[in-house]
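Colleague: I should like to learn how to read a helix that sits at the contact between two chains. Could you take me through one?

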Number of protein chains: 2
Amino acid sequence: MTDTISLPFLRPDMKSELDLRVKNIQTLMGERGLEGLLIGSTVNVFYLSGTIFKGNIYIPLDGSPLYLLISPSVSSQEGCIKIRKPEQISSVLEEKGIRMPEAVGLEYSDMTYSDITRLKACFPEAKYGDASSLLREVRSVKTAYEISRIREDGKKHSAVYSMIDKCYREDMTDLEFQIEIERLLRREGCLGILRASGNRMELNLGSLLNGDNADNPSPYDFSMGGHGFDPSLPVGADGLTMKHGTTVMVDMNGGFNGYQTDMTRCWMIGDVPEIAKKAHECSRMILRVLEKTGVAGAEVSLLYTTALDIAKKEGLQEYFMGHSHKVGFIGHGIGIELNEMPVIMERNHSVLKENMVIALEPKFVIPHIGAVGVENTYRVTAEGLENLTTFREDLTSLGQGVRE
Amino acid sequence: MTDTISLPFLRPDMKSELDLRVKNIQTLMGERGLEGLLIGSTVNVFYLSGTIFKGNIYIPLDGSPLYLLISPSVSSQEGCIKIRKPEQISSVLEEKGIRMPEAVGLEYSDMTYSDITRLKACFPEAKYGDASSLLREVRSVKTAYEISRIREDGKKHSAVYSMIDKCYREDMTDLEFQIEIERLLRREGCLGILRASGNRMELNLGSLLNGDNADNPSPYDFSMGGHGFDPSLPVGADGLTMKHGTTVMVDMNGGFNGYQTDMTRCWMIGDVPEIAKKAHECSRMILRVLEKTGVAGAEVSLLYTTALDIAKKEGLQEYFMGHSHKVGFIGHGIGIELNEMPVIMERNHSVLKENMVIALEPKFVIPHIGAVGVENTYRVTAEGLENLTTFREDLTSLGQGVRE
């Protein structure tokens, strides 16, 4: 239709928001002795522009970023420069009278070796350092605008979960059930992609685990595993019929606007033994305690040890965070990516900051029954954690549960 | 359930297949002076093992690969070694009496800068070079087994396309229509993920473009664009109602088993002007010609120039491969990834090889009507191209078309 693309960073209503993000980044750049950042990953381009475009963003230590677009004609607009290739970036800086940086940060953990090597050639005299961790640190504390987006995700995510009960039919396979939930998500506006950091984070629109499949390990870095239904994607639902006396854990994608919430709820097929119900209630108890423990200033490891202590006290340690294969974390930061900072694990001695957004997922895997537990996405405040995923948490039978 | 994962590379029926792939890689290693490859990307781990695991694969210039798993206990099995971290790899080689490589290939275009830097420390004395392009070259020619998998994809893909007509309802939005097709795909066994190389290849389960949305450029490296329905993913369906007098182009995911086919078909909403019908028939004519041109030994650029010449001759050049924004290729290799070698473009002077698998997509974007054209996935033979996606190609009206 048009040869310009829609660029939210040119809209007046986004300007102050993006200025704030840039300022937070520049503060850390100063502390770490970086004079420029050269950004190119999808995730950080989105963070710094509000959209995705082909090209790069240059952030100087002082002043406004340059948006360097390998794209349709936008060069006449403020802050936008059209380039054909990254190799032109240094001459753009020269033309603009911008000081050539001597220490440049690049996204070592978010771009390929080839792409980073190519960007390094832009300033052959400069020293280079990693900017991925700096950007992750800034992104871990959300702005008010970002929290409003995540809050919106939580509402949509909850609206979908309130319909899950209605799409269950007797003798469905786990995969058939998951496909109906995927459809509900998409119809609510779910984007249908999962943005996550790292090589081992492939998944369609989430994880749905029934019965013993919850105890199958997977090579992926998610909290729960699953066998999958094809060796090319050994994770998640295995395509078997969901049997009476088992649980089904639903941990599906909550990304509707570039941000996302992470939310897990469980249901029973028919009824299940007391041990599963007890473990499910233990997960809820852990969350109630952590909602008070998780104040701004608290050490991250405290959340982990508090959760583990409760699981131990309830005699449920052998099922906690997996049975035959356990993971060493009970939660993670979340935002543009599913796995942001901080990771909620014992050896993380950093502290929670106000307006971090974290997902907490104390889960249990009970052999021959399945996984139970609840996951919510929370905002960190001075008083504790504010839940952004408020759908009911109780363990009810599918097809018989309370309609919301 | 179990603490071992299912490892296809240990199965006797996969052994000769994987031996063949390793042998093809070792031949190129010899030509390029590489004594070892250290593999870690999801895509190439799958290529060399038949599944995904956490860890690395070491391929020596001669002999069998070592599967180095950071995973549940598999160390007692032939060719499998359990490691905790990549830093242990050189001592594993030492223990096994394997010669320390002096020239090592790493996947520069498939792994992050951080991950490659970490692997480089494994053999501090070695020289390093890129192995991504070598592996892409080997993967571009498919084995008989791989072709059988892609053939299976084509059948499933076609089975889904034969049901598309039935899920259309008057006044649907493009997105509602796409969601129903996604559900059909998933129920047929589509894995629900897109494996593609590069930073700009995000998409849910494919592209569905209606009317003028086909002429919206996108920052992604797909052949067609689309506005999307959220600035965080500016590609594909825009959520508007599909109006009479427009076309809808369906280019949805064909990945069912770790491999994939790429297939595009178009439908009319009601009826459309002759120019769109003519362009659609021109696309089919181009494919019929290329099916004969594309013999093993033909130069890749010949496919591109032949297609462009036909479009010109038919007076349709201004609509060919986009209208307000054009792309410079008419097809691409396909296999584990959507965008494998070779890229079918004018400046590609390499030659087609027998058992390459390529998708050809001569498409047209007609202003105010939409996109038309056909895409098929083909196997290259000595006699020309064998179509692996044989669903009917004609342009029919949705809701009134011939039921297959």
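Modeller: What follows goes from one helix to the interface around it. This is a predicted model, in which local features need pLDDT of at least 70 and side-chain atom pairs count only at pLDDT 80 or more, while totals for chains, interfaces and linings use all residues. Residues are numbered from 1 along each chain as its sequence is written, chains are lettered from A and ligands numbered from 1 in the order in which they are written, and side-chain values use heavy atoms, leaving out hydrogens and water.

Colleague: How many of the residues of α7(B) are buried?

Modeller: An α-helix has 3.6 residues a turn, so residues three or four places apart point the same way. Here 11 of the 15 residues of α7(B) are buried, so this helix is largely enclosed by the rest of the structure (buried means under 20% relative accessible area, with a 1.4 Å probe and protein chains only). Among them are Phe177(B), Ile181(B) and Leu185(B).

Colleague: Against what do the buried residues of α7(B) pack?

Modeller: They pack against α7 of chain A, together with α6, β7 and β8 of chain B (contact means heavy atoms within 4.5 Å).

Colleague: What is the area buried between chain B and chain A?

Modeller: The size of an interface is often given as the accessible area lost when the parts come together. Between chain B and chain A that area is about 5,400 Å² (1.4 Å probe, summed over both parts), and the contact takes 63 residues from each of chain B and chain A.

Definitions and conventions:
Buried means under 20% relative accessible area, exposed over 50%, partly exposed in between (1.4 Å probe, protein chains only). Helices (H or I, at least four residues) and strands (E, at least two) are DSSP runs, numbered from the N terminus. Buried area is the accessible area (1.4 Å probe) that two parts lose on being put together, summed over both.
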